[in-house]
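Please look at the sequence and the structure shown below before reading on. The report then takes up the parts one after another.

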Amino acid sequence: MSLIRKTAAELGAMIAGGEVTAVEVAEAHLDRMAEVEPKVQAFLHVDRETTLEQARAIDARLKAGEKLGPLAGVPIAHKDIFTTRDMPTTAASKILEGWRPPYDATVTARLREAGLVILGKTNLDEFAMGSSTENSAFHPTRNPWDLTKVPGGSSGGSSAAVAAYEAPLSTGTDTGGSIRQPAAVTGIVGMKPTYGGSSRYGLIAFASSLDTPGPFARNVLDAALLHEAFSGHDPMDSTSIDAPVPSVVEAAKNPDIAGMRIGVVREFGGEGYQPGVLARYHEAVQLLESLGAKVVEVSCPSFTTALPAYYLIAPSECSSNLARFDAMRYGLRVGDDGTRSAEEVMALTRAAGFGPEVKRRIMLGTYALSSGYYDAYYGQAQKVRTVISREFEAAFQQVDVLVSPTTPTTAFSIGERADDPMAMYLADLCTIPSNLAGNAAMSVPCGLADEDGLPVGLQIMAPVLADDRCYRVGAAVEQALESRWGGPLLKEAPSL
Amino acid sequence: MTMLYDEALDRFEPVLGLETHVELGTRSKMFCGCKTTFGAPPNTQVCPTCLAFPGALPVANAKAIESTIRIGLALNCSIAEWCRFARKNYFYPDMPKNYQISQYDEPLCYDGYIDVEVNGETVRIEIERVHLEEDTGKSTHVGGATGRIHGADYSIVDYNRAGIPLVEIVTKPIPGTDRLAPEVAKAYVTELREIMRSLGVSDVRMEEGSLRCDVNVSLMPRGSSEWGTRTETKNVNSLRSVERAVRSEIERQAGVLAEGGKIVQETRHFHEDTGTTTSGRSKEEAQDYRYFPEPDLVPIAPDPAWVAELKAALPELPSVRRKRLQAEWGLSDLDMQAMHNADAFDLVEATVAAGAPAADARKWWMGELARRANETGTSLAELPITPAQIARVTELVASGALNDKLAREVLEGVLAGEGTPDEVVEKRGLQIVNDEGELSAIIDQVLADNADAADKVRSGKIAAAGALVGGVMRASKGKADAARARQLILEKLGVSE
């Protein structure tokens, strides 16, 4: 079997055992990228030499007898929203085109410490705002299952790269579903850790109280290995939780869910959901029951108000977070011809540098925070957020995890929702509550929808700092379905 | 037309409000590890966080939070059990994030007061809030007439100051100061400065901007109880300017009101050279700061037990200390005021602690040493002499080993680096002549050399003895005990006083 078909765990073991070198593994993936990138366009930045340099360094350390972690030498695609010293970082925005950060994000630094080899920076919706990666200022990314479909978003470059076998692993960030939704629509595993469980330092902020770095992989164990590699307390991020990382790898290796209590969220999965999505979802719930779990229905009525609350809180924070892009210290500068004031240069730069969705959210947020409107919008949304957190707490008194479809539909067509922001926002209907409450949530593949043959994701939600439960349930679903299917859902990327 | 101060006060009553910013003297900035050294080359004390690079995050400086709580406690404030930072959003090139991390409706300290003395009267100033925020960078506008951003050819920004911890102390409105308004304002800022110094939280140098004051003034007609529209005067950079700014704004507003005009709620700038204020931006067009809780930081929840510890460990506050020292030393209000102005309390107190009588300690520090400090343009504390050395000199004078003249020479020697007082006495040979035989011999010689004067004394013109004593002092190079010499001269000439 070719190297690109291996799991990350297998590659790590082969490299550690001297069966193959990190350089060989990197080259296999670089070659795959050269082959499929013209169609998929998952990456914004690829630099073969920088990648091979990293791989050579790992090989040298292994040769010197150094004991490295389980992912040493394994290639990874890195979302272009994490700063990297040796590669440009743009957040897929014209306003940062060509910017080379002077520092590594904590996640980047921990990937390097774990010996992962960064293949390049992946595409995303500009500043992680979107659900299709069509909002990238540079180019859209295509879904490897069907090149006319979106790969989800905002981390669509990362989901597409893994689904297209360009990389066994990738990083993402999840603010309203930006890891779970792309994972679901590309048939891979995506995990949003507990908020504060992974560091935001060096992650270009969209909405500070929601942004959460997390892993993508083609299987649950690989996701757990990556989760463990970059998570944990970071003194550079004040909102980072000073607690041990939940034992996710152990959970992924022990998919025993007999006796576990699983709650089906009543509010998600009714009218408005694609029939093929619902069919796979209901089968998955039955599967969980057949594996010995006790399944009960749980009502969380406020979850239906999560979407509007999110679209007040996230834009409010973004309107402030993106104020720093002002042409003064880095990035694009427009109109600085010696005749204009600093304020005019700021305004011209921001007008030219931000795309339409980013501008829409900055305006929404500016309005929601304005004097006289704050209480009605931002203040009210914060109250909804508190209520949602309480409903999660109450639900987790009754059950160990909650489940729902990850998304109401499978991957939609490129351009289909581009002019309809409301339709686009609905893609995150089921994922947003966990962002507002800060709890852990995962998407695992649970089959293909009958009507379009595209992947469907099952969302597994666990309490704050109980990330391991997502992995335990996810691994159980994966194991059972793979034995039914006779192998992984994603044996190959069908359209490539 | 401005109105003369006395006339303005005949017709109007002022209401004051003071907002003071204190830069804390922490070693690192408020939200990153950058140094805070004043006067470093531009943009050398910066990092991704204080330059607001994408992805960089703030981490709050624990020492700054502690200092702010100590300030709050010293100002008799309540300390919040739970509060948050907030973002104040506005665009300005010297503010890297284009928002300032500050506090909004949840200040760390609130509802306090301090008492200040003006003309022997105690005035209580109520404190609305004390909160913690970060400073901005410093813009310099080059070209143009005003030195302000509008009309400048270009501007340069130094971000070294961006992110230095800044404590804002806001008073409640202060009515009832009447004619003393300017003095009250100055006394308040002076007292605040003393308190910051005693706490050791800031070097509070107004000229370096580590203490900045905005002065709010409004007027209401005598007999009215409805406050007028206020203005906020910035750029008040010395204690004297605080007083002048209040006075000038009272005169200006009275003039406007007397002519039937309206006071515009606005920011005004104080000009040191003219002592007057000019209009800045109008508050009516002021921005909506869109405050919201800072999501990058966790709430501050100081443990009440820790706050109690900080309170118990507060140093003696300046006003309390002044009262105690005055009672202990038995010195006049005038002496105390002079020492206050010369910043001599610590030195005098240490000198007294080393054994000197308070009156002597005051006399040396405020006399000879103040003169020397003045000549060399240094502060008393910077003189190369210690309170213990002054105490030793007073001891030598009290024991009769030195007289005042010799004592001044000893001080000169110590200041010149010749060693301790005892070493200077030894090296310069400054001991008073106590040997009666030696003194007697000197006197005999002086009487022989000044026969005329000696005859005058013998004939009863005792006043002429002064010249003879002077001769003895000259002959002994000042080391004779003048009183004893006079006594012996009169004895030898057979006269008595």
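## How the elements are named

Helices of at least four residues and strands of at least two are runs assigned by DSSP, and they are numbered from the N terminus. With this naming, Ser154(A) can be placed in the loop of chain A that lies between strand β3 (117–122) and helix α5 (156–163). The model is a predicted one, and the values below are computed from it.

## The overall form of chain A

Chain A contains 16 helices and 11 strands. Its radius of gyration is 21 Å, close to the 23 Å that the globule rule gives for 496 residues, so chain A is as compact as a globular protein of that length. The C-alpha trace of chain A spans about 70 × 55 × 45 Å along its principal axes.

Of the 496 residues in chain A, 61% count as buried. Among the contacts in chain A with a separation of 6 or more, 77% are accounted for by residues that stand 24 or more positions apart.

## The annotated site in chain A

An unreviewed UniProt entry lists Lys79(A), Ser154(A) and Ser178(A) under "active site". These residues span 100 residues in sequence, yet no two of their C-alpha atoms are more than 11.3 Å apart, so they gather at one spot.

Lys79(A) belongs to strand β2 (residues 75–79) of chain A, and it is buried, with 33 other C-beta atoms within 10 Å. Leaving aside neighbours within four places in sequence, the contacts of Lys79(A) include Thr122(A), Leu124(A), Ser155(A) and Thr173(A). Ser154(A) is buried as well, because 35 other C-beta atoms lie within 10 Å, where 20 or more are enough for a residue to count as buried. The residues that Ser154(A) touches, not counting those up to four places away in sequence, include Leu124(A), Asp125(A) and Ser178(A). The peptide bond that leads from Gly153(A) to Ser154(A) is cis, with omega near 5°.

## A helix and a loop in chain A

Helix α13 (residues 375–398) of chain A has 24 residues, which at 1.5 Å a residue should span 34 Å, and its end C-alpha atoms are indeed 34 Å apart, in agreement with that expectation. Among the buried residues of α13(A) are Tyr377(A), Arg385(A), Glu391(A) and Phe396(A).

Gln41(A) sits in the loop between α2 (22–40) and β1 (43–46) of chain A. Although Gln41(A) is not a glycine, it has a positive phi of about 55°, and with 22 C-beta neighbours inside 10 Å it counts as buried.

## Chain B and its contact with chain A

The domain assignment divides chain B into domain 1 (5–310), domain 2 (316–428) and domain 3 (436–492), and the C-alpha centres of domain 1 of chain B and domain 2 of chain B lie 37 Å apart. Pro421(B) is found in helix α12 (residues 421–428) of chain B and is buried, with 25 other C-beta atoms within 10 Å. Apart from neighbours within four places in sequence, Pro421(B) is in contact with residues including Gln389(B), Val393(B) and Val410(B).

Asp178(B) lies in the loop between β9 (165–171) and α3 (181–199) of chain B. Its phi is near 55°, a positive value in a residue other than glycine, and with 11 C-beta neighbours inside 10 Å Asp178(B) counts as exposed.

Where the two chains meet, the contact takes 26 residues from chain B and 36 residues from chain A. On the side of chain B that touches chain A, the residues divide into 17 nonpolar, four polar and five charged.

Technical notes
Residues numbered from 1 in each chain as written. Chains lettered and ligands numbered in written order. Predicted model: local features only at pLDDT ≥ 70, side-chain atom pairs only at ≥ 80, totals over all residues. Contact = placed C-beta atoms within 7 Å. Nonpolar A, V, L, I, M, F, W, Y, C, P; charged D, E, K, R; others polar. Rg over C-alpha atoms; globule rule 2.2 N^0.38 Å. Buried ≥ 20, exposed ≤ 12 C-beta atoms within 10 Å, placed from the backbone. Domains from an automatic or database assignment. Expected span 1.5 Å × (residues − 1). UniProt positions renumbered as here; feature names shortened; annotations may be inferred.
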